[in-house]
Amino acid sequence: MKKQEDQTVEEQEEPKHYSRRDMLKMSLLAGAGVAISASGIGAVTTMTNVFGETTKKSGSSAEKESVPFYGKHQAGIVTPQQTYAYLAAFDFTTNSKSDVIRLLKEWTVLSEYMSQGKAEQNFNNDWLPPKDTGEALDLPPSRLTMTFGFGPSFFSKKGIDRFGVKSKAPKHLRDIPAMPRDNLQEPFIGGDLCLQVCAEDQQVAFHAIRNFIKTAVGKAEVRWMQSGFISAKHGKTPRNLFGFKDGTANAGPKDTKAHNQTVWAGQGEPVWMHGGSYMAFRKIKMFLEVWDRSSLKDQEDTFGRKKESGAPYGKINEHDKVNPMQMPPDAHTAIAKRSGQQMYRRAYSYTDGVDSKTGYVDAGLMFISYQKNPDEQFVPMLKMMSKADKLNEYTQHIGSALFAVPRGIKKGEYIGQPLFSSF
Ligand SMILES: C=CC1=C(C)c2cc3[nH]c(cc4nc(cc5[nH]c(cc1n2)c(C)c5CCC(=O)O)C(CCC(=O)O)=C4C)c(C)c3C=C
Ligand SMILES: [Fe+2]
């Protein structure tokens, strides 16, 4: 008998399991008068069918604006940061390994097509919903990237190895430990799988995440999703909602030596993580009204940097060398420096309307960082910050998750494939 991972998608077919939320979605569809056969719902496309180039993207620069989906490392990590992002965490509603593999295969095909600005073949059956939702049909690829990661619960949930991958768990994957000032709020905690989608066009990014969610029905559901944005002139560091340049200390996108030291996992890790990374997520509320009433000196002391230029205290220019001794000891930058650790940050601002309890604007930072070893890099720095950072007067951590992001996907492979194969 063939081993399961060697079987084709069809051979691995198993009964589908639908969650309560799936059933609700389906009944809404049925209520809308859409005729779908039982096998039609959740029936999925395989790697070899139904996809075709139905749309010609406008603009001759479209090709230039695409970021390859396949490569040594996943796109969207050290890729120059796009303007818009969606970060979503999914929980699997199936316990079937073959369901998971089938979904990852479909997502691979979707990723490949969407990163090139192409769409699933549409409009060929008047009686079925179009495969692609359509809102990106006339839009260029917009440097769309998709980055996938697996959370601790994917490898073991309440001690159960649902997908037969526990023995392949990465070395440093565990929930970020609770910090004294945390005020974590469901649902923004953990998740079986994360998907970071970034693009220069918000509609392109939303279209992508929406189509991933649509494909997941019957197998996985969204636990939480956060959107974010940044804005800066080309080559400049974007400013966060406190008005400070944020990302100055990051290594440049082509600084391979720095990325090898800081970002890419390797030694001591299972092979599928060689060239992968760990993504740390924190949803951090920023009290804008409090901040806006604080003096310029207080604001600058908070970061140990000048607001307008971004220069570290005691220096002139943004990229001048930081000397923590020239800053207040509780300045955010001083603490980060004293930890002796580095990471690659890819944060986005968010605005979520108004907090109904306080009447204050609900806004903050979707903090995302990539590092090779969160136990050495991220967690100790977070601990130091949670104890002493002056920034804590103006912020509160309300979401938290850690994901293992596999190495890049090779052409012909599907997302996470080495996790499921026996070699
Ligand atoms: C645990 C890691 C970090 C969290 C959480 C974090 C939150 C956070 N940061 C800012 C704004 C700035 N951070 C800056 C620098 C900086 N921050 C971290 C880590 C965390 N930040 C590091 C590693 C660094 C770099 C330090 C260095 O080596 O110099 C800066 C200064 C400019 C820059 O380098 O980007 C700003 C501004 C906010 C608003 C925030 C939570 C809301
Ligand atoms: Fe920071």
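1. A quick definition before anything else: two strands pair if DSSP finds at least two bridges between them. Keep that in mind for the hairpin below. And remember that you are looking at a predicted model.

2. Strand β7 (residues 348-354) and β8 run antiparallel, with five bridges joining them. If you want one contact to click on, take Ser-349, whose bridge partner in β8 is Leu-365. The two strands make a hairpin with six residues between them. In that turn, Gly-359 has a positive phi of about 80 degrees.

3. Leu-365 is worth a second look, as it turns up again among the residues closest to ligand 1, alongside Phe-244, Thr-248, Ala-249 and Ala-336. The ligand is surrounded by 27 residues in total. By type, the shell splits into 16 nonpolar, six polar and five charged residues.

4. Where does the shell come from? At least two residues each are supplied by β5 (277-286), α8 (332-338), β8 (361-371) and α9 (378-388). So β8 has two roles in this note, because it pairs with β7 through five bridges and also contributes to the shell around ligand 1.

5. On domains, an unreviewed UniProt entry annotates residues 74-229 as "Dyp-type peroxidase N-terminal". That stretch is 24% helix and 21% strand, and its end C-alpha atoms sit 21 Å apart. The unreviewed entry also gives "Dyp-type peroxidase C-terminal" for residues 237-408. Here the chain is 22% helix and 24% strand, with 27 Å between the end C-alpha atoms.

6. Now some backbone oddities to check by eye. The peptide bond between Glu-186 and Pro-187 is cis, with omega about 10 degrees. Pro-187 belongs to the loop between α3 (152-155) and β3 (193-199).

7. Lys-158 is also in the loop between α3 and β3. Its phi is positive, near 50 degrees, and it isn't a glycine. Is Lys-158 buried or exposed? Exposed, because just 6 other C-beta atoms lie within 10 Å, and the cut-off for exposed is 12 or fewer.

8. Ser-142 is another non-glycine residue with a positive phi, near 60 degrees. You'll find Ser-142 in the loop between α2 (97-115) and β2 (145-150). Ser-142 counts as buried because 27 other C-beta atoms lie within 10 Å, where 20 or more is what buried requires.

Key. Residues are numbered from 1 along each chain as its sequence is written. Chains are lettered from A and ligands numbered from 1 in the order in which they are written. This is a predicted model: local features need pLDDT of at least 70, side-chain atom pairs count only at pLDDT 80 or more; totals for chains, interfaces and linings use all residues. UniProt positions are given in the numbering used here, feature names are shortened, and annotations may be inferred rather than shown by experiment. Helices (H or I, at least four residues) and strands (E, at least two) are DSSP runs, numbered from the N terminus. A residue is near a molecule or strand if its C-beta atom, placed from the backbone, lies within 6 Å of it. Ala, Val, Leu, Ile, Met, Phe, Trp, Tyr, Cys and Pro count as nonpolar, Asp, Glu, Lys and Arg as charged, and the others, Gly among them, as polar.
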